[in-house]
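Please look through the sequence and the model below. The paragraphs that follow take the reader from one part of the fold to the next.

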Amino acid sequence: MNVKQKTIKGEISVQGVGLHTGANVTLTFCPAPENHGFKFQRVDLPGEPIIDADCDNVTDTARGTTITQNGASVSTVEHVMASLVGMDLDNVLVKVNGPETPIMDGSSIKFIEVLEQVGSTLQNADREYFTIPHNITYTEPERSVEIVAMPLDDYRFTCMIDYNSPVLGSQHAGITTIGEFKKEIASCRTFCFLHELEYQLQHNLIKGGDLNNAIVIVDKEVTKEELQHLAKIFNREEIDVAPQGILNNMELRYQNEPARHKLLDMIGDLALVGVHLKGHIMAARPGHAANVAFAKKIKAAIKKEKGKKKVNVYDVNAKPIYDVVDIMKILPHRQPFLFVDKVLELSKTHVVGVKNVTMNEEFFKGHFPGAPVFPGVIQIEAMAQTGGILVLSTVPDPENYLTYFLKIDNVRFRSQVLPGDTIVFRCDLVEPIRRGIAQMKGVGMVGDKIAVEAEMMAQIVKVKDSESTK
């Protein structure tokens, strides 16, 4: 059973300060249409530019994850992204009136609470998953970072951290399914070492920092004067070191809260892949830079998988969703130059069409009449017409549009197609249609054997109503 996409039922806002700027920020979660995905919008800038939550848009990972597009940036997006994935959502527009998201308490729990408050609603479109097909690995030997994604029909995480700190030690955290995120991970706060805090204070890097939104791990000898200085900076009467080796401003919510927060960060960063994932992610010593690099490896694997030829075997006698009469309402072609007899499948990203090859075809009169073979150029034309049905299904009133093919590459003819054969064409979008340009991978099959394959690029062009009816 296909899982449907989800968005939220209405708008809802949270307010807080940006960790690094110290500015008051209002963040508003807004419903979004099907196939919108997660996007951020800088409503404080002219034109209110939108930034896709995509790993290819990451421009900084020094103290959080920053994404940039259309001349605008939003920093520290990982806690928000983790909450959206943790709430099992697909389409949300996140409006912010500043350059970074509010830090809140340093975790995702405040975002989870407001998303729960507004509620979610199912949409009509099916959700897209990417199931990890084989082990995908990433390493940074100089930092002892290791990450691997393994095939699994769920979304599972295991995380280990080790900073060579006698206070923090080696910690592990894990969830067996993303449904455990809210209870086990969402409330786990960010952490830093005392020497990092002092550096950031000296360089004015955490104007919004507060001892309520970070766990501070004391990794060095600290004098009473230093503690008094920190207390003054953070408007505290007194600060001391708790027995666990952290500043006594707060109690740990979990003994391994730092490892759980690293897992939270990773879920948020991997959400920048752009689709829901199925697999087991195991990570040793992850950080934002490694997470984003790993997300890009997964995204590259997705593109490679989409580009692979499909060798599904289809029941050519199944009831079609379009017969030839329906097809002629979409395509302008007519006999003897219409080469698609029916359509078996059609989604937003793929189409499956059927061509029955008979000796009655006009071209057999002159094309090897003594040894009839379905001409290769007409196989490509039939594949192009099948792809045209997919492309034209994305526009209203397809009879008012034409598809012109701009390029055909990597054509391969694998076996002959003869009279009496039924050739099934499957065309898949390699990437989303942009500016009317569609890139597709097409495969033609006779039974379970590939007969032809090609890569095609087409453009949707609107024609005048008078021309479209000719």
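In what order do the strands of the open sheet of three strands lie? The order is β6-β7-β8, and the pairing is antiparallel. The model is a predicted one, and what follows should be read with that in mind. In this sheet, β6 (58–60) and β8 are the edge strands, each pairing on one side only. Neighbouring strands are turned against each other by 40 degrees on average, with direction ignored. β6 is joined to strand β7 (residues 66–69) by two bridges, and these two strands run antiparallel. To find the register, start at Asp60, whose bridge partner in β7 is Thr66.

Past β8 the chain enters a loop that leads to α1 (78–86), and Thr76 is found in this loop between β8 (72–74) and α1. Thr76 has a positive phi of about 55 degrees, although it is not a glycine. Most residues other than glycine have a negative phi. Is Thr76 buried or exposed? Thr76 counts as buried, because its relative accessibility is 6% and the limit for a buried residue is under 20%. Arg435 also has a positive phi of about 55 degrees without being a glycine. Arg435 sits in the loop between β22 (422–429) and β23 (437–446). With a relative accessibility of 81%, Arg435 counts as exposed, because the limit for that class is over 50%.

Next come the positions marked in the record. UniProt, in an unreviewed entry, places the feature "active site" at His288 and His367. His288 lies in helix α7. Its relative accessible area is 13%, so His288 is buried. Leaving aside neighbours within four places in sequence, His288 is in contact with Thr61, Gly64, Thr65, Glu78, Asp265 and Asp269. With one of these, Thr65, the side chain of His288 makes a polar contact of 3.3 Å.

Where is the other annotated histidine, His367, found? His367 is in the loop between β20 (350–356) and α9 (376–392). Its relative accessible area is 25%, so His367 is partly exposed. Not counting residues up to four places away in sequence, His367 touches Pro372, Val373 and Pro375.

The strand before that loop, β20, can be followed through its pairings. β19 and β20 form a hairpin with three residues between them. The two strands pair in the antiparallel sense over four bridges, and one pair of bridge partners is Val343 with Gly353 in β20. β20 is also joined to β22 by seven bridges, again with the strands running antiparallel. Here Asn356 stands opposite Thr422 in β22. Why is β20 described as largely enclosed by the rest of the structure? The reason is burial, because six of the seven residues of β20 are buried.

Ahead of this hairpin is a loop between α8 (324–330) and β19 (342–346), and Pro336 is found there. The peptide bond from Gln335 to Pro336 is cis, with omega near 10 degrees. Most peptide bonds are trans.

The nonpolar interior comes next. The largest nonpolar core has 73 residues, and those with the most contacts inside it are Phe29 and Leu84. Helix α7 (residues 288–307) supplies the largest share of this core, seven residues. A second, separate core has 35 residues, among them Ile327, Ile380, Ile389 and Phe425. Which residues does Leu84 touch, not counting residues up to four places away in sequence? They are Phe29, Phe38, Leu89, Val92, Val94 and Leu115.

The last stop is Thr7, in strand β1 (residues 4–8). Thr7 is buried, because its relative accessible area is 5%. The side chain of Thr7 reaches the backbone nitrogen of Ala32 at 3.0 Å. Leaving aside neighbours within four places in sequence, Thr7 is in contact with Pro31, Ala32, Leu89, Asn91, Gly119, Ser120, Thr121 and Gln123. Leu89 in this list is also one of the residues that Leu84 touches.

Note on methods:
Residues numbered from 1 in each chain as written. Predicted model: local features only at pLDDT ≥ 70, side-chain atom pairs only at ≥ 80, totals over all residues. Heavy atoms only, no water. Core = buried A, V, L, I, M, F, W, Y, C linked by side-chain atoms within 4.5 Å. Buried < 20%, exposed > 50% of the residue type's maximum accessible area, 1.4 Å probe, protein only. Contact = heavy atoms within 4.5 Å. UniProt positions renumbered as here; feature names shortened; annotations may be inferred. Polar contact = N/O pair within 3.5 Å; in protein donor to acceptor, adjacent residues only side chain to side chain. Pairing = 2+ DSSP bridges. Axes fitted to C-alpha atoms, helices over the stretch in contact; angles between N-to-C directions.
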